[in-house]
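Student: I would like to go through the surface and the pockets of this protein. Where should we begin?

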Amino acid sequence: MKNLINNQRIRTALIIFSFVLLPAMFAYISCPIIIQGASKGIVTGGLIVFTLLFVSSLFLGRLWCGWLCPAGGLQEI
């Protein structure tokens, strides 16, 4: 029981931290920046992060949605 409560506290802290970092994340994974870079043949950091998030959500399930998503932080607050 104590381990479950500890995991929930860690999850809540990660989600709220992710919510606080939302403006930086939003600017970094910005679609216009990714598209502009791709049109010039440049692989941007935002594209790499977006691809990693997409692939990890396919294989790791709820890791992003349940533990790191900034929208979840808004719901927790």
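Tutor: We begin with a term: a residue is exposed when its relative accessible area is over 50%, and buried when that area is under 20%. Keep in mind that this is a predicted model.

Student: Is Leu60 buried or exposed?

Tutor: Leu60 sits in helix α4. Its relative accessibility is 54%. The cut-off is over 50%, so Leu60 counts as exposed.

Student: Which element gives the most residues to the nonpolar surface patch?

Tutor: The patch covers about 1,000 Å² and includes Ile10, Phe50, Leu60 and Trp67. Two or more of its residues come from each of α1 (2-20), α4 and α5 (63-68). With six residues, the top contributor is α4.

Student: What is the volume of the largest pocket?

Tutor: Rolling a probe the size of a water molecule over the atoms shows where empty space is left. For the largest pocket, the volume comes to about 300 Å³.

Student: Which element gives the most to the lining of that pocket?

Tutor: The lining has 16 residues, and those nearest the pocket centre are Met25, Ile29, Ser30, Phe50 and Leu53. Elements with two or more residues in the lining are α2 (22-28), α3 (31-39) and α4 (45-60). Five lining residues come from the element that gives the most, α4.

Student: How many residues of the lining are charged?

Tutor: Sort the lining of the largest pocket by residue class. It holds 14 nonpolar residues and two polar ones. The number of charged residues there is zero: the lining has no charged residues.

Note on methods: Residues are numbered from 1 along each chain as its sequence is written. This is a predicted model: local features need pLDDT of at least 70, side-chain atom pairs count only at pLDDT 80 or more; totals for chains, interfaces and linings use all residues. Side-chain values use heavy atoms; hydrogens and water are left out. On a 1 Å grid over the protein atoms alone, a cavity is a set of points where a 1.4 Å probe fits but cannot get out, and a pocket is an open set with protein on both sides within 12 Å along at least five of seven lines; lining residues have an atom within 4 Å of a point. Grid points are joined across faces, edges and corners, and a volume is the space filled by probe spheres set on the points. Helices (H or I, at least four residues) and strands (E, at least two) are DSSP runs, numbered from the N terminus. Ala, Val, Leu, Ile, Met, Phe, Trp, Tyr, Cys and Pro count as nonpolar, Asp, Glu, Lys and Arg as charged, and the others, Gly among them, as polar. Patches are made of residues with over 30% relative accessible area and no salt bridge: like charges are joined within 9 Å, nonpolar side chains (Val, Leu, Ile, Met, Phe, Trp, Tyr) within 5 Å. Accessible areas come from the Shrake-Rupley method with a 1.4 Å probe; for residues, only the protein chains shown count as cover. A salt bridge is a side-chain nitrogen of Lys or Arg within 4 Å of a carboxyl oxygen of Asp or Glu. Buried means under 20% relative accessible area, exposed over 50%, partly exposed in between (1.4 Å probe, protein chains only).
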